[in-house]
Structure formats: structure tokens, C-alpha cells
Amino acid sequence: MALNLDAIGKKIGPISKDYTWKDAVLYALGVGAGFSDLEYCYEKDLKVIPSFAITTLYDVMPEAMGLTNVNLAGILHGEQELIFHNPIPPEGTMTSEGRILNYYDKGEQKGALVVAEAETRHSNGQKLFTSNMTIFSRLDGGFGGENRPREKFEFPDRDPDFMVDMSPSEDQPLIYRLSGDTFQLHVDPEFAKMAGFEKPIMHGLCTHGYACRALIQSLIPGEPEKARRMNCRFSRPLYPGMSLQVQIWKTGEGQAVWRIQNMETQEIAIDNGLFEYGDVPKDEVRFDNKVAVVTGAGAGLGRVYALELAKRGAKVVVNDLGGARDGSGEGSSSPADQVVEEIKAAGGEAVANYDNVATVEGGEGIVKSALDAFGTIDILINNAGILRDKSFVKMDPENWHAVLDVHLNGAYNVTRPAFAVMKEQGYGRILMTTSAAGLYGNFGQTNYTAAKMALVGLMNTLKLEGQKYDIHVNTIAPVAASRLTEDVLPPDFFEKLKPEFVAPLALYLCSEKCADTGNVYNAGMGFYNRAAIVTGPGVVVGEGKEIPSPEALAENWEKVKSLKGAKTYFQLNEQIGDLMAAFSQPAGDAAAAEPAGLSVAEVFKNMPNNFISEEAQGVEVVFQYTITGSDGGDWYCDIKDGTCTIASGKHEKPICSLEMEDQDFLALMSGKLPAMQAYTSGKLKIGGDLMKSQLIEKLFKM
Ligand code: NAI
């Protein structure tokens, strides 16, 4: 059976694991802790060894292997990276979610690499760690994929700064296996012989735990919570009872490299180790294991976004066609290549892409670059741009279309395939780039301003389509010095308008931390503010009964155009709700409305008695009610052929869903809170077919 190539990007989990302090101590004993590091072994003020993270993998790995269809007869744990975000508490539930990132083909005889990642959160809500696993599959090579580029890894040409001798006991695997890896190779002498070993071997991850203790002891004694990242390659098996030496070199502030030597055979058992440590920056915006695509990232703002994302852990696709300011010319690979070099020189990961965003194939090619290099796409910044300014009469179709093609169609071309991947994986952050010129107008830029404002429209709907899949879509209106603005902005201003001032906003909007979706922000020189389309309260002219004359409208003009008390809408339904509310009878303060003296459950029980059957002829609708608060619950009301059936629970296919707090619901049902008022004040949330909700007041006596 061959590797399942379609598994790339597929989700692993969520997988939850409950644990108590005893599990943490058992792990500590399994990796050799004892009275010398009692803080890992005594429940009083217990500290959990960060590499305890590994114990979640014993559930994550089998699911990953199942998805990939890897040949289990030939697999070895190749490499392991742990990124620590927060210390692991002594008890609780750890929930891991991940995905298959990529496959690499080392050749038919040499095998394949399967790369997967998982992120683990604690039941206290904190993100604990991210785990990147590389499985070496000896029997799955030769499927025609790309080989992984070799990464250079060098140990300093001097003696290690720390050498920590450790001696796991002959029986060590018998304790370690109780933390989750019960594979026979580590316990059953017969099985071990069949697999070609003299006797059961150490778990590689047990030796890894020894290394973690040694690293903490040498570099951050007594402060395991300062471990930030641990990475290594498993190179040789070990027998229990052999003495080991963990060799550690400090390579910079908060950084070290390490390896483990088997002191009996002199072989290196774990190689290419990296360790990072230091204070966990509070609320740091990080993009570890996130894959970002930035279009037009060879220069200007895009370049800075790409550099900053990579500095904070993102793997970046640097797209740039390398054309002239007006989009003309052959294009060149050099701007994108240079930015990739800059990212790599700073220790980051990036690949270049030279596709043209203005074509459908170009957009697909850009997203393919991300999938090929890094297995997915989490962040997309639509940034590529050109200018072709002309006053309107001189704005010939060529200049009109060229600008719309790059800005508007470009965003469509790249976002569409990216959105498909994000939807599948249930996560995404998309940024559109508009412009103050588009938001407010600028002489000579009809093509540009039309395209830039259209991007706000694209965002408005995409944010709704992405909501269910944790895809956020926002828009940035930057002001920055670049070749696009060099002849527009006064020179002394130009100096102060570093693109670096815009990047923090772009990064925050693309981060997990930012809950916004559907918002537009201006950014420049360190000044940031929100821009929005607002709608005034308006006025009904002619009471909605007769069609008003233009004169009547003119008479009311100040009220029509007033923005006093204006508000923003998240979607069309809200505006329609206000339109309808403008015609409903004014009601008293809903908060003052008293419930009818019935419980919510009693109201639902009574509902069929208040049903006006004659009004329901030909009506077919299912209302799903979600009532929050201590008196709440779920009920649905199924109306068909003039009958009304009420049942508790959730209906499979409701037509219209209504969510309210228990007290508001009682006020609504007793007629004290008009439905429209409840809706416009946010007390009633309606999903599905909004129009059908209008029927409630008609079908039931309130
Ligand atoms: P820039 O010219 O320095 O960078 C834009 C990059 O996009 C260039 O490297 C260019 O080669 C690339 N590009 C152009 N067409 C492309 C295509 N078809 N496919 C792939 N790459 C392409 O410009 P800047 O100022 O960094 O602009 C970035 C974005 O910000 C643009 O969308 C621009 O309209 C917008 N913007 C910039 C403002 C500013 O003050 N700099 C103001 C408002 C908006």
C-alpha cells in the first residue's frame, strides 16, 4: 500500500488526554529523575518536565500514521521539535489538534519522511506547546515527491560547555513505557530479537527526556518553565544500562546546541539538537508553524510583512513578479529571491514565487508553492499592487483593466484557492489591502480607487463565508514610503513613513490573537485607526403607507442624511432588521418588561395553545430556539399543514434559529418586548431565514 498523498493538510484530532500529578511524576521517573531533581517527583510544588509534552504524541502519532497510510513495518521516529508556549500545569486535560504537513521522498531504496504537527492546549485555556514530528518511513520512498533540502547543522569547533553524564538503569524502559509507549520492542526480549536487537532497546523519547533534564539543569537550573524550544534528530538506538553523555554548547543568548553520545560505543544516539530558553514573553504574537503567503513581497510593505512574519516563526512564501511600478516589463525573480535570502540569513524559513497574481493560474501557482514547500496555507496577505494614474477621461480601458487585474482580480485569484485550503483545515487569516485613496477618493486614480474599494466588498462577504471555519478576513489601508508613493508624498514625510510602522497592524490582524473579522484599519507612521461604513438612523417619510414626493423627502433631508447616532452593520440582515424596525410600534423599555410568571419550559408547553392555525395555512417552517440563562434550554417548533409541534432539543434542519436570554424570551412571549425591538437591540439573534422569523408574531397569540 502506498502513502496516501491526499492526506497532506488533513486534520488530526482533537485528541484529549486527562492527566494528574501522578502521570507527570511517572514520566519524570521514566526519564531518570529522582531525589536529585525532586521538583519533578514530589507533588508538593510539582514542576512538570517540559518534555512531558511527548506523552500526548502516543495518541496523536497513531492517528497521523493512519491518515498517511505509512507502512508501519518500516517506521522510525526521525526528528522531534517541541515549542513550549506555557509551562504544563501538574494536572488537567491536554487537547491536541494537528495536521499532516508534508511528505518528502528520499528515493525508492532510501525511504520517505512524513511531517506532521500538533498544537496542544490545556483545559485552563492556555496554549501549552506545539509539536513537530518527522517520521522516517524506510519502506515508502520512491513515490515521486521532492526530497527535503539538506539543512546545515554544525556543532562549534570546541569542547562542549557542559557535559552531563547520565546512566539509565537496565530496567528504564519498563518504567518509561507506562507513560504511553507500550511497543513490544522496548519490553519483549523475543520481539526485540526478531527485530534484530540483542534485547529490548531504550525508547528514543526516553533518552530525549534525559536530554531535557540535562539541558534544564545546565542552562536554566530550577526553572523548567524557561524552556522555549527543543529540537533533535534520533540517530542510533541504545540499550538500557549504557552510560550516556549529554554534550551542550551555548551558541548565543538563550540558545544552545546539543547531542547525546553513547559512552560505550562512542556513537551519537541523538544528534542535531537545538535548545532555546528564556522568559516566555507575555502575550507574544507568534506564527510558529503557520504558513504565510505575502503577494508582492519583493519590495515595499510586502517585504517588511514577510520579514516580520518570518522573525516570529512563520514559514513564508515570498511572491513577487518583479515588474515595473506600472506593472509593465518582463518581470524578474530577483526581488523575491532577495527577500528570501534576507529571511534565511536571519534564521527564518521562506521560499520564493514569481507568479503573476493577475491571472487565475498565477493565483493557483502561488498557493501551490505554499502547499509544496510547507504543506498548507494559514495566512494570506493580498498586497501586490501597481499604479497607472490618469484623470478619468484619459483613463483608457488598458490602464483601467491593468489596475483592476492586479488589485481586485489578483486578490480573487489568490484568495480563492487559499480559502479552499483554509476551509478544509478550519483556520485562516486573510488580509486585503485597500487604500485611503479608495476609502475617501483621490484625484486621477479612478481605476485604483475602484479596485481598492471593491476589495472591501470582497472582504464583507468573505468574512461571513469564513466565519464557520475560523477564517478571519480584514483589510488594511497603509500609508508608507515605497516606490508607489515616492512621487506622491512630500520628501520629509517620506522619511518618517517607514513600512515597518504598518507591519505590526498587519501581523496582529493575521495572528490567532486577533478576534476581528470584517474590519478596515488605517495605518501609517505609528498612527492606527478604524475606518468603517456607517449608516445613519434615518427617518420614515410618509409613514410607509403612501409613496412620498421628492419635495417631502427634501423637507426631511437633514434627517435623511444625518449621521448622528450612526452605526455599523456586520451584515445585510442587520440593516434589513432596522429597516423593518423603523415601521414597528414604539414599545416601552424592554428591560422593564416583566416576564409572564411562567418558566421558559412552560411557555414552550403552552405554545400549541397560542398557535393560530388559520394563519398557518401553507406555512412550512421549523424554528429552533436556543434560550440561554438558568431557565434556558433548546426547543424547536415545527409548523406544517396548519399544525404546530413543539419538542425539546435540537432539530436536524431548522429553517430559522432564534437565540435569546431566558428573561428576554419571557418578555417577548408575554408581548412586552416587541420582536423587532428585541432583534435590533441584539437581545434576539436570528440565524438562517430571517424573513421567516416575521411569522412568529402572526402565528402565535402573544
Ligand atoms: P511596492 O511597489 O513597493 O510593492 C508592490 C510589489 O508588488 C512590487 O514588488 C511589485 O513587483 C509587486 N507586484 C506588482 N504586480 C504584481 C503582480 N501582478 N504579481 C505579483 N507581484 C506584483 O508598493 P507598496 O507601497 O509596498 O504597496 C503594497 C500595497 O499597499 C499595494 O497594494 C498598494 O496599493 C497598497 N498601498 C500602499 C500605500 C503606500 O502608502 N505605500 C498606500 C495605500 C495602499
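This section describes the overall fold, the ligand site and selected residues of a predicted model.

The chain holds 702 residues, and buried residues make up 47% of them. Its secondary structure comprises 21 helices and 23 strands. Along the principal axes, the C-alpha trace spans about 100 × 70 × 50 Å. The accessible surface amounts to about 33,800 Å². Carbon and sulfur atoms contribute 51% of that surface. Contacts were also sorted by sequence separation. Among those with a separation of 6 or more, 72% join residues 24 or more positions apart.

The ligand site was examined next. The ligand takes up the space of the second largest pocket. Around the ligand stand 30 residues. Of these, D320, N356, N383, Y448 and S482 come nearest. Three helices, α6 (300-311), α9 (397-425) and α11 (446-466), each supply at least two residues of the surrounding shell. Polar contacts to the ligand involve both side chains and backbone. N356 places a polar side-chain atom 2.7 Å from a ligand nitrogen atom. R483 places a polar side-chain atom 3.0 Å from a ligand oxygen atom. L321 takes part through its backbone: a polar backbone atom of L321 is 3.3 Å from a nitrogen atom of the ligand. On its own, the ligand has 830 Å² of accessible area. The protein covers 96% of that area.

Helix α9, one of the helices that supply the ligand shell, also contains N413. N413 has a relative accessible area of 6% and is therefore buried, the cut-off being under 20%. Beyond its neighbours within four places in sequence, N413 is in contact with V357, A358, T359, V360, G363 and E364.

The N-terminal part of the chain was then followed in sequence order. G9 lies in the segment before β1. Its relative accessibility is 13%, so G9 counts as buried. When neighbours within four places are set aside, G9 is in contact with R99, I100, G375 and Q425. One of these partners is far away in sequence. G9 and G375 are 366 residues apart along the chain, yet their C-alpha atoms are separated by 6.2 Å. Strand β1 follows and spans residues 11-19. P14 lies within this strand. The peptide bond from G13 to P14 is cis, with omega near 5°.

Helix α1 covers residues 21-30. Its buried residues are A24, V25, Y27, A28 and G30. The cover over these buried residues includes two helices, α3 (172-176) and α5 (204-219). Just after α1, G32 adopts a positive phi of about 90°.

The loop between α1 and α2 contains D45. D45 is not a glycine, yet its phi is positive, at about 55°. The relative accessibility of D45 is 63%, so this residue counts as exposed. A second non-glycine residue with positive phi is N272, where the angle is near 50°. N272 is placed in strand β10, which runs over residues 268-277. N272 has a relative accessible area of 17% and is therefore buried. The two residues thus fall on opposite sides of the burial limits, because buried means under 20% and exposed means over 50%.

Helix α2 spans residues 57-68 and includes D59. At 37% relative accessibility, D59 counts as partly exposed, because this class lies between the limits for buried and exposed. Outside its neighbours within four places in sequence, D59 is in contact with I15 and K17. The C-alpha atoms of D59 and S96 are 9.2 Å apart in space. In sequence, D59 and S96 are 37 residues apart.

Note on methods: Residues are numbered from 1 along each chain as its sequence is written. This is a predicted model: local features need pLDDT of at least 70, side-chain atom pairs count only at pLDDT 80 or more; totals for chains, interfaces and linings use all residues. Side-chain values use heavy atoms; hydrogens and water are left out. Helices (H or I, at least four residues) and strands (E, at least two) are DSSP runs, numbered from the N terminus. Buried means under 20% relative accessible area, exposed over 50%, partly exposed in between (1.4 Å probe, protein chains only). Contact means heavy atoms within 4.5 Å. A residue is near a molecule or strand if one of its heavy atoms lies within 4 Å of it. A polar contact is a pair of N or O atoms within 3.5 Å; within protein, one must be able to donate a hydrogen and the other to accept it, and residues adjacent in sequence count only if both atoms are side-chain atoms. Accessible areas come from the Shrake-Rupley method with a 1.4 Å probe; for residues, only the protein chains shown count as cover. On a 1 Å grid over the protein atoms alone, a cavity is a set of points where a 1.4 Å probe fits but cannot get out, and a pocket is an open set with protein on both sides within 12 Å along at least five of seven lines; lining residues have an atom within 4 Å of a point. A molecule sits in a cavity or pocket if more than half of its atoms lie within 2 Å of its grid points.
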